[in-house]
Amino acid sequence: MIEVNKIPNKGRGIIATQDIPQGTLIEVAPVGIFSINKIPNINETEIFKYYFVKPLEYGKSKNVTGYLVFGLASLCNHAENPNARVDWIEDQIGLWSHLIADKNINKSQEVTLFYTNIDEYADANKFV
């Protein structure tokens, strides 16, 4: 349903390989969790570009837990008006990311997310 592709002026990104209706579960992936005290070190590495913060946590305080998604959702680019979202689901095995289409996504269209912590990116103006 999705694949990694080069996106002009952005680098890698996720492209729909078929029409994806709104509400579709696009991907389920395991999640690694790291604590706030590790974030400053991680922000100095390439991992900074790929980890998530939960919107509700980040809205209350920027001192949040980090979530590393071991799936293609980690390669979705930012959009102010995204067509997908990540839901966080915990079960007896652990935490999972569910990449879900928030809108109809057409074949060959980029799958995008809103980066909750966009203000932490020095080059955020490239993402908008």
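Which backbone nitrogen does the side chain of Glu-27 reach at 2.7 Å? To follow the answer through this structure, which is a predicted model, it helps to begin with the sheets and then to come back to that residue.

One sheet is open and is built from 5 strands in the order 4-5-3-8-7, with antiparallel pairing. Strand 4, residues 51-52, and strand 7, residues 84-90, stand at the edges of this sheet, and because each of them has a single partner strand, one side of each is left without a neighbour in the sheet. Further inside that order, strand 3, which covers residues 25-34, is joined by 4 bridges to strand 5, which covers residues 66-69, and these two strands run antiparallel. As an example of how residues face one another here, Ile-33 stands opposite Tyr-67 in strand 5.

Strand 3 is also where Glu-27 is found, and this brings us back to the opening question. The side chain of Glu-27 reaches the backbone nitrogen of Leu-72, at a distance of 2.7 Å, and a polar atom of the same side chain lies 3.0 Å from the backbone nitrogen of Ala-73. Glu-27 counts as buried because its relative accessibility is 15%, which is under the 20% cut-off used for that word. If residues up to four places away in sequence are left out, Glu-27 touches Gly-71, Leu-72 and Ala-73, and also Ser-97, His-98 and Leu-99. Gly-71 shows how the fold brings separate parts of the chain together, for it stands 44 residues from Glu-27 along the chain, while the C-alpha atoms of the two are separated by 7.7 Å.

The other sheet to look at is again open, with 4 strands in the order 1-2-9-6, and its pairing is mixed. Its edge strands are strand 1, residues 2-7, and strand 6, residues 77-78, each of which pairs on one side only. Strand 6 is joined by 2 bridges to strand 9, residues 110-113, and this pair of strands runs parallel. Within the pair, Asn-77 has Thr-112 of strand 9 as its bridge partner.

Is Thr-112, which has its place in strand 9, buried or exposed? With a relative accessibility of 8%, Thr-112 counts as buried, since buried means under 20%. Apart from residues up to four places away in sequence, Thr-112 touches Asn-77, its bridge partner, and the contacts of Thr-112 also include Ala-79, Pro-82, Asn-83 and Ala-84.

Definitions and conventions:
Residues are numbered from 1 along each chain as its sequence is written. This is a predicted model: local features need pLDDT of at least 70, side-chain atom pairs count only at pLDDT 80 or more; totals for chains, interfaces and linings use all residues. Side-chain values use heavy atoms; hydrogens and water are left out. Two strands pair if DSSP finds at least two bridges between them. Buried means under 20% relative accessible area, exposed over 50%, partly exposed in between (1.4 Å probe, protein chains only). Contact means heavy atoms within 4.5 Å. A polar contact is a pair of N or O atoms within 3.5 Å; within protein, one must be able to donate a hydrogen and the other to accept it, and residues adjacent in sequence count only if both atoms are side-chain atoms.
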